[in-house]
Amino acid sequence: MLFRSASPAVYLELARHLADRSFGGSVALVSGADRRLAETVGHLIEAHALRFAGAWPKPLSKVAVARMLAAASVPKGVKPSAAASPQISLQQLQCGLEQGVGLEAWFQPKVAAGSRRPVGAECLARWREGGVMVSPLAFIPMAEEHGLIDPLTQQVFQLALRQAGTWMLRGHHIKLTLNLFMDSLVDISLPDRLLQWVAEAGLEPVRVTLELTESRLMDQPRATLEVLTRLRLNGFGLSIDDFGTGHSSLDKLKLLPFTELKVDRAFVHGASLDPVSSVILKTSVHIAHSLGMTVVAEGVETEDDIAYATELGCDELQGYGVARPMTADALARWLEAQA
Ligand code: G
Ligand code: MN
């Protein structure tokens, strides 16, 4: 549907009406509005689960209209959701954790920008049930809700550390990154337990970085702060994950001794074509380097993303454009292939 109006406000109304009627086509915006405002209207159209064909600033020629209508006639894609992917029951999660089956540590490599040499790997929790991989979106919130996040974290950490120990023995001296929810960091014994697991795996804390995200506001900031400070004093690296989104923001940089800043993929993928993402990425690199932190660009998907993040001074790259998350065995083979 092509709808022309001088005022973007009309599109807000139209988007609501089309969404109410479950419109299956695409909406194109042709308006003299400021470009960023037009893009915002586009985001709103998408938030209504409508397909947004793009915004055009000026009245279009007949040829341009034809081209646009052709592009807009592509059928609306169905977005994958956690609900559509395989699920597990609470009982399966509980039994699996008790028996030490189901949970797996997968790894996604990180490379140095420029040389593209492997420098590390992020451990990502995965669940295998009846030969099918279950998304973390399906079992992490369930584990959090039912008090199982601590045993889950402990198992993933131990699996990953043991694995990293075997890579070291094979001569692959890469860093290991583990994910922690900042708001589950109230257990004061965690730093000592972690030290012990690291030693058992034959590793040193300087080889291990903890990536921190917040799923909700810290409810016990004092305990969290103490645990993180102890971890840092013990030599672990601390990384602020998904920087620029949610609660991973500037005030956290002031509060905690982070060693690494991981720019969220929202500001990395496609940044060279998006002036706003580009400014955010550039500024994040500047902030991180001024504070003596390493910058990781996450979500590099294309050669263009890789080249742009490198040009802007990011130190390390992670994303589908480098490699997808893989099993420990597959990562060992991947590292051999890079050697
Ligand atoms: O934010 P965090 O670093 O924890 O995100 C890790 C998740 O992002 C993993 O589940 C992984 O599968 C996914 N991921 C990794 N690389 C990419 C990428 O290049 N693009 C997208 N869209 N997702 C990615
Ligand atoms: Mn992460």
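Me: In which strand does Thr 177 lie?
Reply: This is a predicted model. In the model, Thr 177 counts as buried, at 2% relative accessibility. The element that holds Thr 177 covers residues 175-181 and is strand β7.

Me: With which side chain does the side chain of Thr 177 make a polar contact?
Reply: Leaving aside neighbours within four places in sequence, the residues in contact with Thr 177 include Ala 121, Glu 122, Cys 123, Thr 209 and Glu 211. The polar contact between side chains is 3.1 Å, and the partner of Thr 177 is Lys 110.

Me: Which residues are the protein donors of the manganese ion (ligand 2)?
Reply: Two residues in contact with Thr 177, Glu 122 and Glu 211, are on that list. Along the chain the donors follow the spacing E-x56-N-x31-E-x29-D. They lie 2.0 to 2.5 Å from the ion, and they are Glu 122 (OE), Asn 179 (OD1), Glu 211 (OE) and Asp 241 (OD).

Me: What is the arrangement of the 6 donor atoms around the manganese ion (ligand 2)?
Reply: Six octahedral donors would ideally show angles of 90 or 180 degrees. Around the manganese ion (ligand 2) the angles run from 59 to 170 degrees. Six donors count as octahedral only if angles other than those between opposite donors lie between 65 and 115 degrees. The value of 59 degrees falls outside that range, so the arrangement is irregular.

Me: How many residues apart in sequence are the parts tied together by Glu 122 and Asn 179?
Reply: Both residues are donors of the manganese ion (ligand 2). Glu 122 lies in strand β5 and Asn 179 in strand β7, so the pair ties together parts whose separation in sequence is 57 residues.

Me: Is Asn 179 buried, partly exposed or exposed?
Reply: Glu 122 has a relative accessible area of 5%, which means that it is buried. For Asn 179 the value is 27%. Buried means under 20% and exposed over 50%, so Asn 179 is partly exposed.

Me: How many aromatic pairs does the structure hold, and what kind is the pair of Phe 107 and Trp 167?
Reply: The structure holds 2 aromatic pairs. The rings of Phe 107 and Trp 167 are 4.7 Å apart, centre to centre, with 80 degrees between the planes. Planes over 60 degrees apart count as edge-to-face, so this pair is edge-to-face.

Me: Which elements hold Phe 107 and Trp 167?
Reply: Both residues are buried. The pair ties together parts that are 60 residues apart in sequence, because Phe 107 lies in strand β4 (residues 103-112) and Trp 167 in helix α6 (residues 149-169).

Me: What kind of pair do the rings of Trp 127 and Phe 139 form?
Reply: Trp 127 is in strand β5 (residues 118-129) and Phe 139 in helix α5 (residues 136-145), 12 residues apart. Trp 127 is buried at a relative accessible area of 0%, and Phe 139 is buried at 0%. The ring centres are 5.8 Å apart and the planes stand at 55 degrees, so the pair is tilted.

Me: Which residues of α5 are buried, and what covers them?
Reply: The buried residues of α5 are Ala 138, Phe 139, Ile 140, Met 142 and Ala 143. Their cover includes α4 (90-99), β4, β5, β6 (132-134), α6 and β7.

Me: Which residue follows α5 with a positive phi?
Reply: At the start of α5, a side-chain oxygen of Ser 135 comes to within 3.0 Å of the backbone nitrogen of Leu 137. After α5, the residue with a positive phi, near 65 degrees, is Gly 147.

Me: What separates the C-alpha atoms of Trp 167 and Ala 328?
Reply: Beyond four places in sequence, Trp 167 touches Ala 328 as well as residues including His 172, Ile 174 and Leu 331. Trp 167 and Ala 328 are 161 residues apart along the chain, and the separation of their C-alpha atoms is 9.3 Å.

Me: Where does Ser 22 lie?
Reply: Ser 22 is not a glycine, yet its phi is positive, about 50 degrees. Ser 22 is exposed, with a relative accessible area of 63%. Its place is the loop between α1 (8-20) and β2 (26-30).

Key. Residues are numbered from 1 along each chain as its sequence is written. Chains are lettered from A and ligands numbered from 1 in the order in which they are written. This is a predicted model: local features need pLDDT of at least 70, side-chain atom pairs count only at pLDDT 80 or more; totals for chains, interfaces and linings use all residues. Side-chain values use heavy atoms; hydrogens and water are left out. Rings of Phe, Tyr and Trp (its six-membered ring) pair if their centres lie within 6.5 Å; planes under 30 degrees apart count as stacked, over 60 as edge-to-face and the rest as tilted. Helices (H or I, at least four residues) and strands (E, at least two) are DSSP runs, numbered from the N terminus. Buried means under 20% relative accessible area, exposed over 50%, partly exposed in between (1.4 Å probe, protein chains only). A polar contact is a pair of N or O atoms within 3.5 Å; within protein, one must be able to donate a hydrogen and the other to accept it, and residues adjacent in sequence count only if both atoms are side-chain atoms. Contact means heavy atoms within 4.5 Å. Donors are N, O and S atoms within 2.8 Å of the metal (3.2 Å for Na, K and Ca); water is not among the atoms, so sites may look incomplete. Four donors count as tetrahedral if all angles lie between 85 and 135 degrees; four count as square planar and six as octahedral if opposite donors are over 155 degrees apart and all others between 65 and 115; anything else is irregular.
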